[in-house]
Amino acid sequence: MSRYKAIVNPMDIQKSSAVFWTCLKAVSIWLLSMLLAVPEAIFSQVVNMQGNNTNVTLLNCVPYPLSNQMHPKIHSVMIFLVYFLIPLTIISVYYYHIARTLIKSAHDMPGEVSEHTKRQVRE
């Protein structure tokens, strides 16, 4: 978001409270991250798993109950959405707006040759 603001409105004067808002945003992101990790901490369990054709028993921590076959699938989809797809979508939207603003400002720059001027030079 700050990168978007810096590119789209580069001449905006930073307010003296910018540091406070930046810290508040960082703390909010950390709190949200911890909140999203709570279900995994609550529902994870330690299980014994027997190795194939061996006498070895491994002690594993799994982030979902093994009692239901849907839990691993739901867990995988949620991890994909929360940690990958949603952030990628948000970042993509901001980068789209940044690119659109930069392209638009490049056409409006003084000294740039417009399409009308190019046609006049060719004729």
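A polar contact is a pair of N or O atoms within 3.5 Å, where, within protein, one atom must be able to donate a hydrogen and the other to accept it. In this predicted model, such a contact of 3.3 Å joins the side chains of histidine 75 and glutamate 40. This report begins with the chain as a whole and then returns to that pair.

**The chain as a whole**

The chain contains four helices and two strands. Followed along the sequence, these elements appear in the pattern α-α-β-β-α-α, with the two strands standing between two pairs of helices. The chain has 123 residues, of which 4% count as buried. Its accessible surface comes to about 10,800 Å², and carbon and sulfur atoms account for 67% of that area. Among contacts with a separation of 6 or more, 24% are between residues 24 or more positions apart.

**Annotated segments**

An unreviewed UniProt entry carries the annotation "transmembrane region" for residues 20-38 and 74-96. The table sets out the computed secondary structure of each segment and the distance between its end C-alpha atoms.

| Segment | Helix | Strand | Distance between end C-alpha atoms |
|---|---|---|---|
| Residues 20-38 | 100% | 0% | 27 Å |
| Residues 74-96 | 100% | 0% | 31 Å |

The annotation itself comes from the UniProt record, whereas the helix content of residues 20-38 and of residues 74-96 is computed from the model.

**The nonpolar patch**

Which residues make the nonpolar patch on the surface? The patch consists of Leu32, Leu35, Leu36, Val38, Ile42, Phe43 and Tyr83, and its area is about 710 Å². Helix H2, which spans residues 18-43, gives the most to this patch, with six residues. Tyrosine 83, by contrast, lies in helix H3, which spans residues 70-107. Tyrosine 83 counts as partly exposed because its relative accessibility is 47%, and the partly exposed class lies between the limits of 20% and 50%.

**Phenylalanine 43 and its surroundings**

Phenylalanine 43, a member of the patch, is located in helix H2. Apart from residues up to four places away in sequence, phenylalanine 43 touches Val62, Pro63, Tyr64 and Pro65. For one of these residues, proline 63, the separation from phenylalanine 43 is 20 residues in sequence and 6.3 Å in space, taken from C-alpha to C-alpha.

**Histidine 75 and leucine 81 in helix H3**

Histidine 75 belongs to helix H3. When neighbours within four places in sequence are set aside, the residues in contact with histidine 75 are Glu40, Pro63 and Tyr64. Pro63 and Tyr64 are also among the residues that phenylalanine 43 touches. With Glu40, the side chain of histidine 75 forms the polar contact of 3.3 Å introduced at the start.

Leucine 81 is likewise placed in helix H3. Is leucine 81 buried or partly exposed? Leucine 81 is partly exposed, because its relative accessible area is 29%. Beyond its neighbours within four places in sequence, leucine 81 is in contact with Ile86 and Pro87.

Definitions and conventions. Residues are numbered from 1 along each chain as its sequence is written. This is a predicted model: local features need pLDDT of at least 70, side-chain atom pairs count only at pLDDT 80 or more; totals for chains, interfaces and linings use all residues. Side-chain values use heavy atoms; hydrogens and water are left out. Patches are made of residues with over 30% relative accessible area and no salt bridge: like charges are joined within 9 Å, nonpolar side chains (Val, Leu, Ile, Met, Phe, Trp, Tyr) within 5 Å. Accessible areas come from the Shrake-Rupley method with a 1.4 Å probe; for residues, only the protein chains shown count as cover. A salt bridge is a side-chain nitrogen of Lys or Arg within 4 Å of a carboxyl oxygen of Asp or Glu. Buried means under 20% relative accessible area, exposed over 50%, partly exposed in between (1.4 Å probe, protein chains only). UniProt positions are given in the numbering used here, feature names are shortened, and annotations may be inferred rather than shown by experiment. Contact means heavy atoms within 4.5 Å.
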